[in-house]
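This report goes through a protein chain by its cysteines, cores, sheets and backbone geometry. The sequence and the structure come first.

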Amino acid sequence: MDRRNKVISRRGVLLAGGASIALTAMAQPTRAGTITRKVSAGPEEPGKRADLAEQAIVQRHVRPLWGQPGMRLGALVWPASLLDQSFVRWCYWWQAHLIDCAVDAAFRTSTPERVDRVAALARGILTRNLTGWTNRYYDDMSWLVLALERADRLLGVRFGDAIGDLRAALIEGWNPVVGAVPWRSGDDFYNTPAIGPTGIAMARLGELSRARQLADFLYIRLRDTDSGLILDGVHEPGGRVDRTVHTYSQGVTIGLETELALRTGESSHHRRVAALVAATEDRLTDAGVIAAASGNDSGLFMGILARYLAEAALALGDTTAAGIVHASARAAWENRAEVDGLPLFGPDWTRAVAVPEPPGTLPPLTHSSAASSANLSRDLSVQLSGWMLLEADYQLTAAGR
């Protein structure tokens, strides 16, 4: 199936956006339902739990873009302000992960509605981005090309030259002197959150030599020899290392090494995966549960780690990786809140979701230029992490891992 985008003109985009804001201004912000900590046991089957996580995000966050049929995006917070409902502010990489989760659900159980949702979300990104598929951030573009490549490979949903345009932009950003791509165009910071997913994309798109170079860059330049974990990034020239450790940096590195282990058959990549999974369990889990988000837009970090741990477990039989995913899924489910019977996840899967004051409601939303809300459970990123985790748990269970 070839679902090619119907692109509207820049003038049409601006007119549609202005009309949407005007219409939205006459409407009320979306309202929260009743939030309860007295949650039901819910279904035991991982697939049904993933279904409920999907339904929660679709009902609370996914909206038409500027009144355009067949174009959708996810509102960054819920309940959404008037500006958020109009997508005045948006976050490219959160939307890319929304597509990835939608692909998970459609591949798990394909329905016309799910497949159409994947296509509508991609068209929404293309339209809202204004400049086509690409932007100046290499991490953003790598996340989107990964989601679109999976939509093509697993569902047969294609978007014209999208993958080719994104692939070309990533290669164009390559610095041969450093041997990697930077965080963004013109920047001197070469960080794991850009290098890791770019490497995975290169491996899946047949650029194994580049993927190897990126994996070696992470292992040689950014691996902390004491902890075994991957650090955030390095400034070049100069070599000043940012020693911050993020959960998703481990996830994308595990994902890249897993791809190379599969595609090259080289045992060194398998060994690197096993060592990094073990270090992650030792340093970045609490009783086997992935460490919590820490604010800003870190809500996706946990789910990204879970996705690539599941891939290592499925592809390489890593039982430690599988155990972390299963333990995290149990904890996230047991500590969820419910809104009208659908799950609401927190940024810390080891703790019960804090019910905002006043009890049973979410506070009124005031617009903020920050990507993240004061209450992280309102963020699309946090809810996507929960959905991503439950899809990973389902995949492992279905495979007997």
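C91 is buried, its relative accessible area being 11%, and C101 is buried as well, at 0%. Buried here stands for under 20% relative accessible area, exposed for over 50%, and partly exposed for values in between, with a 1.4 Å probe and protein chains only. The structure holds zero disulfides, a disulfide being a pair of cysteine sulfur atoms within 2.5 Å.

This is a predicted model, in which local features need pLDDT of at least 70 and side-chain atom pairs count only at pLDDT 80 or more, while totals for chains, interfaces and linings use all residues. Residues are numbered from 1 along each chain as its sequence is written, and side-chain values use heavy atoms, with hydrogens and water left out.

**Burial and cores**

C101 is also one of the residues touched by E391, which is in contact with A50, C101, D104, A105 and R108 once its neighbours within four places in sequence are left aside. Contact means heavy atoms within 4.5 Å. E391 belongs to helix α14 (residues 380-398) and counts as buried, with 0% relative accessibility.

Of the 401 residues in the protein chain, 58% are buried. The accessible surface of the chain comes to about 16,000 Å², and carbon and sulfur atoms hold 51% of that area; the method is Shrake-Rupley with a 1.4 Å probe, and for residues only the protein chains shown count as cover. Among contacts in the chain with a separation of 6 or more, 73% are between residues 24 or more positions apart.

The largest nonpolar core has 115 residues, and W93, I99, W133, L144, L148, I304 and L309 have the most contacts inside it. A second, separate core has six residues, including A337, V339, L344 and V353. Such a core is a set of buried Ala, Val, Leu, Ile, Met, Phe, Trp, Tyr and Cys residues joined through side-chain atoms within 4.5 Å.

**Sheets and the hairpin**

The protein chain has 14 helices and ten strands. These are DSSP runs numbered from the N terminus, with helices (H or I) of at least four residues and strands (E) of at least two. Two strands pair if DSSP finds at least two bridges between them.

One open sheet of three strands has the order β1-β9-β10 and antiparallel pairing. Its edges are β1 (35-36) and β10 (342-344); each has a single partner strand, so one side of each is left without a neighbour in the sheet. Two bridges join β1 to β9 (residues 337-339), and I35 stands opposite V339. Helix α2 (residues 46-60) lies across β9 and β10 and runs at about 80° to β10. Axes are lines fitted to C-alpha atoms, for helices over the stretch in contact, and angles run from 0 to 180 degrees between N-to-C directions.

Another open sheet of three strands, with antiparallel pairing, has the order β4-β5-β6. Here β4 (189-191) and β6 (240-242) stand at the edges with a single partner strand each, so one side of each has no neighbour in the sheet. The twist from one strand to the next averages 20°. Between β4 and β5 (residues 233-235) there are three bridges, and F189 has H235 as its bridge partner. Helix α8 (residues 192-204) packs on this sheet, touching β4 and β5, and its direction makes about 55° with that of β4.

Strands β2 (residues 62-65) and β3 (residues 68-74) pair in the antiparallel sense over four bridges. R63 is partnered by L73, and L65 by Q68. The two strands form a hairpin with two residues between them, and W66 in the turn has a positive phi of about 50°.

**Backbone geometry**

Most residues other than glycine have a negative phi, and most peptide bonds are trans. The table lists departures from this pattern in loops.

| Site | Value | Loop |
|---|---|---|
| W78-P79, cis peptide bond | omega about -5° | P79 between β3 and α3 (82-85) |
| E236-P237, cis peptide bond | omega about 5° | P237 between β5 and β6 |
| L130, positive phi | phi near 70° | between α5 (112-129) and α6 (138-155) |
| A287, positive phi | phi near 55° | between β7 (285-286) and β8 (289-290) |

L130 counts as partly exposed, at 32% relative accessibility, whereas A287 is exposed, at 75%.
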